[in-house]
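Biologist: Before I use this model for anything further, I would like a close look at a single helix, set against the background of the whole chain. Please take me through it step by step.

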Amino acid sequence: MLAILGFLPLTIRNNLNYWLFLIGILKCYGLYATVEVDIEQAVQNKMLRFQAQGNGKGYYGQCIQFSLQNYTNSTFVVIISAGQTITAVESKYQNMLITRTEKIELAGGKTFSGSLYAACIEAKDDCPLETTQYVLGPKSSGNLLEIAQFVEKKQYHNQLGSMAIWVVSDKFSIDNVISDDGAATQELVTLLTKLTGQKPGAAHTKINPVINTIETDFIFSISEPISGSIAIYDTAGTVVQPIMKERPFIPGTHELHVRMRSNAVLKGQTYYLRLMVTGKAIRENKILIPE
């Protein structure tokens, strides 16, 4: 029965009536098992509504909230695959790449809410906020799809995996892919060398490169709208790591958790996390890296 249905013309299979017909036939013959439908196909055929937004947890890992609503009377499984992209409604925010496949069984007429593992594929844009809305984008292909599936397989839902994705999506240097997890770093560098043709530089030829961590909560309050940027600076005033490019902030209290692992910060040295407005720091955290 399934084999026969599989030979129906593509124009018939790519519509809502086909899927409802398939579910009904399976039930009639006592062969019912929940049908799996890809999220793109389900949205295109108006089988469900997909909504997504940031959750304020950054630009990688479990950083996207989403909800589904089944518009049909039938139960089916929605598949959101690693490699699917979602597009920010406002272009100043980062588009995202799904990095872990989710399968959600959704009964007829019901809704579901959850979170997605994703990573940024537009480093130059702003990190998603809790108010950043997303719509379903196209599926990735080629190198971007391969790195997404590799991150899923190895569960590199961290800054290292995010940086590896940027090597493909934003043409970052492969030397940015470095951490104190030597095995994970080597796996990613080997794959990225194959995908992009980049050769590892000095950062990967050093013996036991020293990776240090900066982690802090950055909280500030403002009484009027401002436009500013946030970055980590050394004592000479040089940017060590951009955190958030120039963007507007509304009046109120803002909280940002920053965690950075890099060989660019040195033990025993002092750094500053600063909110800069028109070239002046209006809020800063002093950070000392322990010896």
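Modeller: A residue is called buried here when its relative accessible area is under 20%, and exposed when that value is over 50%. By that criterion, buried residues make up 45% of the 291 residues in this protein, which is a predicted model. The chain forms seven helices and 15 strands, and of the contacts between residues at least 6 apart in sequence, 67% join residues at least 24 apart. About 15,100 Å² of the protein is exposed, with carbon and sulfur atoms supplying 52% of that area.

The part I would single out is helix 5, which covers residues 142–154. Its 13 residues, at 1.5 Å a residue, should span 18 Å, and because the C-alpha atoms at its ends lie 19 Å apart, the expected and modelled lengths agree. Within helix 5, the buried residues are L144, I147, A148, F150 and V151. Viewed down the helix axis, these buried residues fall within an arc of 160°, so they line one face of helix 5. The general background is that an α-helix has 3.6 residues a turn, so residues three or four places apart point the same way. On the face of helix 5 turned away from the buried side, one finds the exposed residues G142 and K153.

As for what the buried side meets, the buried residues of helix 5 pack against strand 6 (96–98), helix 6 (159–169) and helix 7 (182–196). Just beyond the end of helix 5, Q155 adopts a positive phi of about 60°.

One residue of this helix, I147, also belongs to the largest nonpolar core, a set of 50 residues in which L48, F50, I64, L68, I80, I147 and V177 touch the most other members. Helix 6, against which the buried residues of helix 5 pack, contributes the largest share of this core, namely seven residues. A second core, separate from this one, has 19 residues, among them I232, F249, L273 and I289. In soluble globular proteins, nonpolar side chains tend to be buried together.

L68, another of the core residues just listed, leads to a residue of the opposite character, T111, which lies in strand 8 (residues 111–120). T111 has a relative accessibility of 56% and therefore counts as exposed, the cut-off being over 50%. The C-alpha atoms of T111 and L68 are separated by 5.4 Å, although the two residues are 43 apart along the chain. With neighbours within four places in sequence left aside, T111 is in contact with L68, Q69 and L106.

Definitions and conventions: Residues are numbered from 1 along each chain as its sequence is written. This is a predicted model: local features need pLDDT of at least 70, side-chain atom pairs count only at pLDDT 80 or more; totals for chains, interfaces and linings use all residues. Side-chain values use heavy atoms; hydrogens and water are left out. Helices (H or I, at least four residues) and strands (E, at least two) are DSSP runs, numbered from the N terminus. The expected span of a helix is 1.5 Å times one less than its number of residues. Buried means under 20% relative accessible area, exposed over 50%, partly exposed in between (1.4 Å probe, protein chains only). The arc is that of the directions from the helix axis to the C-beta atoms. Contact means heavy atoms within 4.5 Å. A nonpolar core is a set of buried Ala, Val, Leu, Ile, Met, Phe, Trp, Tyr and Cys residues joined through side-chain atoms within 4.5 Å. Accessible areas come from the Shrake-Rupley method with a 1.4 Å probe; for residues, only the protein chains shown count as cover.
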